[in-house]
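Please open the model in your viewer and keep the sequence beside it, so that each selection can be followed on both.

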Amino acid sequence: MPVSFIRSKFCASRCKKLGALFAVAGLLAMPSANSLSATPAPSTAPPPVPAKPNVKPKTISDWCTPLVARLPKVSLADCKNSKLSPTGANSLNGFPVLFRDIKADAKHPQAIRVLLLGGIHGDEQTASSVVFKWMDTMQKNPLEFNWRIAPVVNPDGLLAPKPRRMNARGIDLNRNFPTPNWQKEAPSYWARVTRSDPRRYPGKAPISEPESRWVYETIEKYKPDVIISVHAPFGVLDFDGPATPPNRFGRLIYNRVGVYPGSLGNYSGLHKDIPVVTIELPNATQMPPDAEVQRIWQDMQTWIRQNVAAPLKTAHNP
Ligand SMILES: [Zn+2]
């Protein structure tokens, strides 16, 4: 690797730490005083209707409108065409975790299952946008793998007044997975190594959050053969698990970022034996060029085809 690359990665890490201090916007709305009617209500009157009923989004337009306002290069039409639907899990603030299954074509009836996750950190907007772009590609082309896709795993982080890494309770979802000895290691790692960085707070217990719990349950039920988790802005590939790591996807080159108590890669890759590729895009708010988005997509599929073992599903192979 050129020295400049290493230096820029080092700087990105340090610079991100410098940006760690940020104010949590006040979320408590001040109740407005309703002026009382001059005529007293009869005692049998129904309870007053709240001035602002808590309307939860119910349609794809309701979900897509706030999301695309935060996502670079994703239009409302792109989001609607993704045909996402609710998983049944809601964020702490009540926004649905959305997903879509897109199946392999008829030539691949026993296809490898891929779980594709974007935006587990809410301030890595490109990590969600890229997943929407790949969903568009998937819908227009025959596929050799089965895909379960959740482009926005942390909607509350993305939709916060200022997008933020953590969920609505201030928890880093990517430190909230039940790695062995979590209770002992995750809080002490946070205190000792991150010096209690609020952006990396693992919570008080593993899978304490609805968003991380959804990922955990999906791994249990869907049983993916490989997991792709998209992040930004370190501009590298990371890998955990029982397979040969990818050398490069597009311009992104394999370079270990590290193993952390409670991370998805640590949990799935090292303890569940499900390979996890972590894609770190080079910028959290500016999308790579379209050609690079497609190169990453093509290289990712080549690596899956050549390296992800699905021994029970290859009976059709000679
Ligand atoms: Zn991230």
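Which exposed residues does the face of helix 6 turned away from its buried side carry? Select Lys-184, Ser-188, Ala-191 and Arg-192, which are the exposed residues on that face; exposed here means that 12 or fewer other C-beta atoms lie within 10 Å of a residue's own, buried means 20 or more, partly exposed is in between, and C-beta atoms are placed from the backbone. Helices (H or I, at least four residues) and strands (E, at least two) are DSSP runs, numbered from the N terminus. This is a predicted model, in which local features need pLDDT of at least 70 and side-chain atom pairs count only at pLDDT 80 or more, while totals for chains, interfaces and linings use all residues. Residues are numbered from 1 along each chain as its sequence is written.

Now turn to the buried residues of helix 6 (residues 182-192), which are Trp-182, Ala-186 and Trp-190. They lie on the same side of helix 6, because they cover an arc of only 30° around the axis, the arc being that of the directions from the helix axis to the C-beta atoms.

Next, select helix 7 (residues 210-222), where Glu-211, Ser-212, Trp-214, Val-215 and Thr-218 are buried. On the other side of helix 7 you will find Glu-220 and Lys-221, which are exposed, and after the helix comes Lys-223, with a positive phi near 55°.

Finally, select strand 3, in which six of six residues are buried. Arg-113, Leu-115 and Leu-117 point one way from this strand, whereas Val-114, Leu-116 and Gly-118 point the other way.
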